[in-house]
Amino acid sequence: MANRLILVTGGAGYVGSHTTLELLSAGFDVVVVDNCVNCVAGSDGAPPPALARVQKLSQKNVTAMYSVSLNDADALAGVFKKHRVDAVVHFAALKAVGESVEKPLEYYNNNVAGTLTLLQVMREAGVKRLVYSSSATVYGAPQYLPADENHPTGVGLTNPYGKTKYFCETIMEDLAASDPEWQLVLLRYFNPVGAHPSGLIGEDPLGRPNNLMPFVAQVAVGKREELSVFGDDYDTLDGTGVRDYVHVVDLAEGHVVALDRLFDEEFSGATAYNLGTGRGVSVLEIIEAFRKASGKPVPYRVVGRRAGDVASVVASCSKAEKELGWRAKRDLQQMCEDAWRWQSQNPNGFRTSP
């Protein structure tokens, strides 16, 4: 495993930075490609602050960092010419469900066209191993729970974001069917939350948070007055939406074991794995757990349902446990405690001022 070079797209983002840290700690060399549309960029040629902190935590430097858009085929090909890449971990994507409903063209262009360009450049470079950051949104409104990997995908998808993930999975499955040399692992995340236990790296949304946990954290730290709860009339125990939340460090560790699977000579094709806990948690349960972890009030107001949301999504993760040896280890309280440590120590995220 040592000295294998992994190219990580979106490696300065939330899940990307935590995974880059785990890869460095596991002995991989890492090249990061990130145009920083979803993260704080470095100034005066310095790496993004998230990556600088990853290097501090791992006591290892990334091999190189390139500010390149995946839609720029020539610049991307140049990265592959400079480095002998063994595999790619592909995070780079726009990821907000609500925003995707408002800006579908931007999402299709970035997520689908960018992935197509990446795969074409990889093929030209002779690199045919990839771990893809997919999403439970490919299951749409679940027909049964917990959703396992045999659950239909692409049916009843409720937002363009989910469709981009489904389209990219389909492209990769077709690619693997056309050429047995491709080795592709599709990781379907449920809801990544929490932060590295050091408090040095965590989720730092640019502008208004689109996900629940960072919004709750910003209310607890006093940056926002109250949380909007989108609907309390769902068919769930307390009426609020239920999701399967997974600690971001558990998720990052999932990418390391997925790469180990890619380097198994017997593995070929495109295989999907769910990464979650298998336990559903409601919005109100998250609020209460965060209040407990932070010791701070989290005022909220119930508003109307949000376009594109479904009532409940929970994972079956037995396939990942059986085939990858992976299971989530960190519970809801640890997710909230780590998220609070990050938020309270870094009230402005990676920015030094608001």
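Biologist: What makes residues such as Glu203, Asp204 and Pro205 count as lining the second largest cavity?

Modeller: Distance, in this predicted model. A lining residue has an atom within 4 Å of a cavity point. Glu203, Asp204 and Pro205 are on that list, along with Gln218, Lys223, Trp342, Gln343, Asn346, Pro347, Asn348, Gly349 and Arg351, so each of them meets that cut-off.

Biologist: What is the volume of the second largest cavity, and how does its lining divide by class?

Modeller: The volume is about 50 Å³. By class, the lining has 3 nonpolar, 5 polar and 4 charged residues. Gly counts as polar, so Gly349 goes in with the polar ones.

Biologist: How many cavities of 30 Å³ or more are there, and why are they called cavities?

Modeller: The structure holds 2 of them. They get the name because a 1.4 Å probe fits inside but cannot get out. The largest cavity has about 60 Å³ of space.

Biologist: Which residues line the largest cavity?

Modeller: Tyr14, Gly194, Glu203, Met213, Pro214, Ala217, Ala339, Trp342 and Gln343 do. Helices α7 (212-220) and α11 each supply at least two of them. The split is 6 nonpolar, 2 polar and 1 charged. Glu counts as charged, so Glu203 is the charged one. Glu203, Trp342 and Gln343 turn up in the lining of the second largest cavity too.

Biologist: Why is the second largest pocket called a pocket and not a cavity?

Modeller: Because a pocket is an open set of points, while from a cavity the probe cannot get out. The second largest pocket has a volume of about 250 Å³. Of its 16 lining residues, the closest to the centre are Gly276, Thr277, Arg279, Arg327 and Ala328. Helices α10 (318-324) and α11 (332-345) are the elements giving two or more residues to that lining.

Biologist: On to the sheet. How do you know that β1 and β2 are paired?

Modeller: Pairing takes at least two bridges. Strands β1 (residues 5-9) and β2 (residues 29-33) are joined by 5, so they qualify, and they run parallel. One bridge links Ile6 to Val30 in β2.

Biologist: What makes β3 and β11 edge strands?

Modeller: Each pairs on one side only. The open sheet has 7 strands in the order β3-β2-β1-β4-β5-β6-β11, with parallel pairing. Its twist averages 20 degrees from one strand to the next.

Biologist: Which strands does helix α3 touch, and how is it directed?

Modeller: Helix α3 (residues 73-82) packs on the sheet and touches β1, β2, β3 and β4 (87-90). Its direction makes about 165 degrees with that of β2. Angles here run from 0 to 180 degrees between N-to-C directions, so α3 and β2 point roughly opposite ways.

Conventions: Residues are numbered from 1 along each chain as its sequence is written. This is a predicted model: local features need pLDDT of at least 70, side-chain atom pairs count only at pLDDT 80 or more; totals for chains, interfaces and linings use all residues. Side-chain values use heavy atoms; hydrogens and water are left out. Helices (H or I, at least four residues) and strands (E, at least two) are DSSP runs, numbered from the N terminus. Contact means heavy atoms within 4.5 Å. On a 1 Å grid over the protein atoms alone, a cavity is a set of points where a 1.4 Å probe fits but cannot get out, and a pocket is an open set with protein on both sides within 12 Å along at least five of seven lines; lining residues have an atom within 4 Å of a point. Grid points are joined across faces, edges and corners, and a volume is the space filled by probe spheres set on the points.
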